[in-house]
Amino acid sequence: MRETLSWQGETLYLTVRVQPKASRERVMGWQGDHLKIALNAPPVDGAANKALCGFLAKQFGVAKGQVCIVRGEKSREKQLALHGVDQTMWAKFAQCHGL
């Protein structure tokens with residue numbers, strides 16, 4: 001398991017690197033210690049942050065309000081807290097995206 005993943009109870013803390021303004025939204029895989037995610041939204045007025053939370057909420061099947069940015073709101077590298085995501089859900093996500 002990577003150091004960028006940690007759990008506290010049923011909250012997953014995940015470090016990601018975002019590529020805004022991509023042609024399609026997708027999980028691109030590991031880039032160093034970060035999970036790289038491509039998003040359509042531009043990095044303007046928090047649009048990419050909002051898209052990131054929505055994208056991950058959809059991927060894990062949780063409400064958008066259960067995904068929040070803990071650190072890095074103005075950076076491409078962010079740490080997120082995903083509430084209600086356990087290790088089984090992560091395993092399905094990782095398998096689905098070939099991680």
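A residue counts as buried when its relative accessible area is under 20%. The model used in these exercises is predicted.

**Exercise 1. State what share of the residues in the protein chain is buried, and describe the accessible surface.**

Solution. Start with burial. Apply the cut-off of under 20% relative accessible area. Buried residues then make up 42% of the 99 residues in the protein chain. Turn to the surface. The accessible surface comes to about 5,800 Å². Carbon and sulfur atoms account for 45% of that area.

**Exercise 2. Test the protein chain against the rule for a compact globule.**

Solution. Take the expected value: with 99 residues, a compact globule would have a radius of gyration near 13 Å. Now take the value of the protein chain, 12 Å. The two agree. Add the dimensions: along the principal axes, the C-alpha atoms fill a box of roughly 35 × 25 × 20 Å.

**Exercise 3. Lay out the secondary structure and the sequence range of the contacts.**

Solution. Count the elements: the protein chain has 2 helices and 6 strands. Order them from the N terminus: β-β-β-β-α-β-β-α. Then consider contacts between residues at least 6 apart in sequence. Of these, 43% join residues at least 24 apart.

**Exercise 4. Characterise the largest pocket and its lining.**

Solution. Begin with volume: the largest pocket has about 270 Å³. Its lining has 14 residues, and the closest to the pocket centre are Pro-43, Asn-49, Glu-73, Lys-74 and Lys-78. Sort the lining by class: 6 residues are nonpolar, 3 polar and 5 charged. Finally, find the main contributor. Helix H1, residues 47-60, gives the most to the lining, with 3 residues.

Note on methods: Residues are numbered from 1 along each chain as its sequence is written. This is a predicted model: local features need pLDDT of at least 70, side-chain atom pairs count only at pLDDT 80 or more; totals for chains, interfaces and linings use all residues. Side-chain values use heavy atoms; hydrogens and water are left out. On a 1 Å grid over the protein atoms alone, a cavity is a set of points where a 1.4 Å probe fits but cannot get out, and a pocket is an open set with protein on both sides within 12 Å along at least five of seven lines; lining residues have an atom within 4 Å of a point. Grid points are joined across faces, edges and corners, and a volume is the space filled by probe spheres set on the points. Helices (H or I, at least four residues) and strands (E, at least two) are DSSP runs, numbered from the N terminus. Ala, Val, Leu, Ile, Met, Phe, Trp, Tyr, Cys and Pro count as nonpolar, Asp, Glu, Lys and Arg as charged, and the others, Gly among them, as polar. The radius of gyration is taken over C-alpha atoms; the globule rule is 2.2 Å times the number of residues to the power 0.38. Buried means under 20% relative accessible area, exposed over 50%, partly exposed in between (1.4 Å probe, protein chains only). Contact means heavy atoms within 4.5 Å. Accessible areas come from the Shrake-Rupley method with a 1.4 Å probe; for residues, only the protein chains shown count as cover.
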